[in-house]
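Here are some friendly notes to read alongside the model. I have kept each point short so that you can check it as you go.

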Amino acid sequence: ADAALLISQEGAVRTLSFNRPAALNAFTAQLLAQTRAALDEAAEDASVRAVVITGTGRAFCAGQDLSDPLIKPEFGADARPKDIGHLLDNYYIPLALRVRSMPVPVIAAVNGVAAGAGANLALGCDLVIAAESASFIQAFSKIGLVPDCGGTWLLTRLVGRAKAMELALLGDKLPAPEAARLGLIARVVPNEDLAATAQALATRLAGMPTRALVETRQAFDEALSLNFEDALKLEAVMQSQLGFAHDYLEGAAAFLEKRTPVFKDR
Ligand code: T3D
């Protein structure tokens, strides 16, 4: 139970819990590496059809651990910018890309404060739900940095430039209910319901046609930089591939036969 990352599985749902509650689950290099390795493992494990990411204690994740001994000693007065780049190249970028390329849907169950890279890692997940008392803080500007872990890309697209700039420049705490109203996250639930809601949503997604869900994520991401006609063409390419897959045949047949489908593609 002393592990910085707890890993559990219930049915087809793998849950990863950041577990450094005394430091509000801030990311050390070790926790970042463990999270990425756990996602790699979940990606390779055919028994996993959905992943939930959450935190223990009163925080989801306070972002980079600003006292991480693995990183801090490397910060000489002149070397700091280069070393932050190193940290991003080696830990944050691969982790953010890993989340966004998982072969199964990823749900962030934001149980408490999510700051800096912790906030943006959550926002990069496929479905973000939060406890009523949770909050999101773009803490970067306060320590002289830009939003990272995808923040520049995600925030502007999720809430538009005006709100994105307000959140990023001021770095104020955004309560979860307000985040849901803005469309930054999908929904807010009572604190005591968060874990069960996340598990139920993940279980539901795990029973759905996984490939279609994952290609939907990919299509949405790609469509952001396509014109309408090219988006239509991309949909057609994906649809024609999915049309030959087991899950479409099963889904359509089950509908016509008025029975419950059993999906298995991944
Ligand atoms: O090198 C780089 O910086 C690269 C960049 C990477 C990306 C980033 O994520 S940059 C952003 C880093 N994160 C922050 O700046 C957030 C810092 N934390 C806070 O602003 C506050 O802790 C919160 C708003 C998140 C919560 O406030 P509050 O009042 O509820 O709790 P607290 O008392 O501040 O924190 C409780 C403990 O957690 C405290 O330790 P203590 O005094 O009880 O021993 C605090 O130091 C520790 N803690 C919280 N956040 C971090 C942290 N320790 C290390 N790093 C943290 N980020």
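1. Starting with the ligand, its shell by class holds 15 nonpolar, four polar and two charged residues. Here Ala, Val, Leu, Ile, Met, Phe, Trp, Tyr, Cys and Pro count as nonpolar, Asp, Glu, Lys and Arg as charged, and the others, Gly among them, as polar. Please keep in mind that this is a predicted model, where local features need pLDDT of at least 70, side-chain atom pairs count only at pLDDT 80 or more, and totals for chains, interfaces and linings use all residues. Residues are numbered from 1 along each chain as its sequence is written.

2. Which residues are closest to the ligand? They are Ala 62, Gly 63, Gln 64, Gly 116 and Ala 117, out of 21 that surround the ligand (a residue counts as near if its C-beta atom, placed from the backbone, lies within 6 Å of the molecule). Helix H2 (80–100) and strand S6 (113–115) each give the shell at least two residues; helices (H or I, at least four residues) and strands (E, at least two) are DSSP runs, numbered from the N terminus.

3. S6 also belongs to an open sheet of four strands, ordered S4-S6-S8-S9, with mixed pairing (two strands pair if DSSP finds at least two bridges between them). At the edges, pairing on one side only, are strand S4 (59–61) and strand S9 (173–175). S6 and strand S8 (residues 135–137) are parallel, with three bridges, and Ala 114 has Phe 136 in S8 as its bridge partner.

4. Strand S5 (residues 106–110) is worth a look: five of its five residues are buried, so the rest of the structure largely encloses it. Buried means that 20 or more other C-beta atoms, placed from the backbone, lie within 10 Å of the residue's own. Val 106, Ala 108 and Val 110 cover one side, and Ile 107 and Ala 109 the other. In a regular strand, side chains alternate between the two faces of the sheet.

5. S5 has parallel partners. Strand S3 (residues 50–55) pairs with S5 over three bridges, with Val 51 matched to Val 106. Strand S7 (residues 127–131) is joined to S5 by four bridges, and Val 110 has Ala 130 in S7 as its bridge partner.

6. Finally, where are the buried residues of helix H1? Leu 31, Leu 32, Thr 35, Leu 39 and Ala 42 are buried there. They lie on the same side of H1, because they cover an arc of only 105° around the axis, taken from the directions from the helix axis to the C-beta atoms.

Definitions and conventions. A residue is buried if 20 or more other C-beta atoms lie within 10 Å of its own, exposed if 12 or fewer, and partly exposed in between; C-beta atoms are placed from the backbone.
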